[in-house]
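Please keep the sequence and the 3D view side by side as you read. We will go from the whole chain to a few places worth a closer look.

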Amino acid sequence: METLLNIIYYIVPFLVLLGILVFVHEFGHFIIARWLGVTVTDFSIGFGKELWSRKDKHGTKWKISAIPLGGYCQFLGDGDASSSTSTDISSLSKEAQTGAFQLQKPWKKLAIVAAGPLFNYLFAILIFIGLFYNFGRMVFPSVVGGLVENGAAAEAGITIGDIIKRVNGNETNDFNQISNEVMLADKDEITVDIERPLTLKGQEINLLQANDVLVSADGKEISSLSELPADATEIKIRRPLTLNVVLRETAYAPENGEKIKRRMLGIISAQEVTFAETNMSAGAALKAGFKEAYDLTANTLRAVGQMVTGQRGGKEVGGIIRIAEMSGDISKKGGLISFIYFMALLSVNLGLINLLPIPVLDGGNFIIFFIEMLTGRDLNTKVKDFIFKLGIIIILAIMVLATWNDVVHLISRWFD
């Protein structure tokens, strides 16, 4: 029974999630290619043995394949799914040859390879807009609701009720932003700016500091010293403090009992997820949707940049196993809205990764076709072949690292 439940909670949501994201990505390639007059021979969800297929009236073979870890959109004249090699099309009629990808102008090739990642971004942004417009922004307030025993925050003097305003100088308007900044910190020692709620009574009122944020006096809201009554007996303030915190690897078991072990600040959110700005207009939701995608992209690029420059290791690189684990966790505990948001988040990451200038990925193809557009001629076949082989080596290395990290993470989760 437990095995069946795990299949339902982990494998099924993972397959649904990956299938949708792959379809969106490949449909971007497909629809722009067809719009530009390029013949699409195959549209596959998955790799390997064909499980189901159907040809449409344009000759495109739509199919589902046995290995559900990706997909591809193959064009006339392609020797493989990545369009890195070509086949001989001389036997085809002149009219048929016009639909071959290899004979297209570079700008058309650029548009087709860019369409996949851009459709992932468009898909994610539409989800963000829909969620924000209908429910508001999902936020965890940046208020400390609890402390992990012997954690970094407790050692540094952070207390329950503190409001985390900035981490390493970057604003943290909600709890997720705190987690992001801690994750992106390139050193274990960080600075944390907080505002600490305090109640001052009697003579304590005279100890008011210049940078204190006034909240209320004798139950009445105030915002400046000029509003403070001379005979006030009790005032509430928020006192700004800057603390140096040394992050440490901490094992923490949340309410569901499953242990998490990673480098962390060691604080617990004050409450469950809430919805802020619940009455967003269509315009505000549109703006917030684009901003959400921008912020996710910026944070990911910061992390990638830190890895490239050696400021952080590669332990956080995750792959298919980690995605399956996270999608299962969310489907069990987070509900449909959280699952949809997670799908949008992954769609942004899938789009961004494919835009990286690595041969074999869309970004690598984009660079090659851009060079061909500038020079007015095709890149030397031997050079192109070397570039794609290099790209395969890079991708395989990343996959090995990601799989290793995923396995180590799972072992830690099971046995720690």
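About 23,100 Å² of the protein chain is exposed, and carbon and sulfur atoms supply 61% of that area. Please bear in mind that you are looking at a predicted model. Of the 416 residues in the protein chain, buried ones make up 39%. If you count the elements of secondary structure, you arrive at ten helices and 14 strands. How much of the contact list joins residues 24 or more positions apart? Among contacts in the protein chain with a separation of 6 or more, such pairs account for 66%.

Now turn to one of the sheets. Six strands form an open sheet in the order 6-5-7-10-8-9, and their pairing is antiparallel. At its edges lie strand 6 and strand 9 (220–221), each of which pairs on one side only. Helix 5, residues 175–184, packs on this sheet and touches strand 5, strand 6 and strand 7. Compared with the direction of strand 5, that of helix 5 is turned by about 35 degrees.

Strand 5 is a good place to zoom in. On one side, strand 5 (residues 163–167) pairs with strand 7 (residues 189–201) through four bridges in the antiparallel sense. Strand 5 is also joined to strand 6 (residues 170–171), again antiparallel, by two bridges. Which residues stand opposite valine 167? In strand 7 the residue opposite valine 167 is valine 192, and in strand 6 it is asparagine 170. One step back along the chain, arginine 166 has glutamate 171 of strand 6 as its bridge partner.

The hairpin made by strand 5 and strand 6 has two residues between the strands. Within this hairpin, look for asparagine 168, which takes a positive phi near 55 degrees.

Finally, let us move to the surface. Trp107, Phe366, Ile367, Phe370, Ile371, Met373 and Leu374 together make a nonpolar patch of about 640 Å². Which element gives the largest share of this patch? That is helix 9, residues 362–375, with six residues. Isoleucine 367 is found in helix 9 and is one of the patch residues. Why does isoleucine 367 count as partly exposed? Its relative accessibility is 39%, and the partly exposed class lies between the buried limit of under 20% and the exposed limit of over 50%. Isoleucine 367 therefore counts as partly exposed.

Key: Residues numbered from 1 in each chain as written. Predicted model: local features only at pLDDT ≥ 70, side-chain atom pairs only at ≥ 80, totals over all residues. Heavy atoms only, no water. Pairing = 2+ DSSP bridges. Patch = residues over 30% accessible without salt bridge, like charges linked within 9 Å, V, L, I, M, F, W, Y side chains within 5 Å. Areas by Shrake-Rupley, 256 points an atom, 1.4 Å probe, with all protein chains shown as cover. Salt bridge = Lys/Arg side-chain N within 4 Å of Asp/Glu carboxyl O. Buried < 20%, exposed > 50% of the residue type's maximum accessible area, 1.4 Å probe, protein only. Contact = heavy atoms within 4.5 Å. Axes fitted to C-alpha atoms, helices over the stretch in contact; angles between N-to-C directions.
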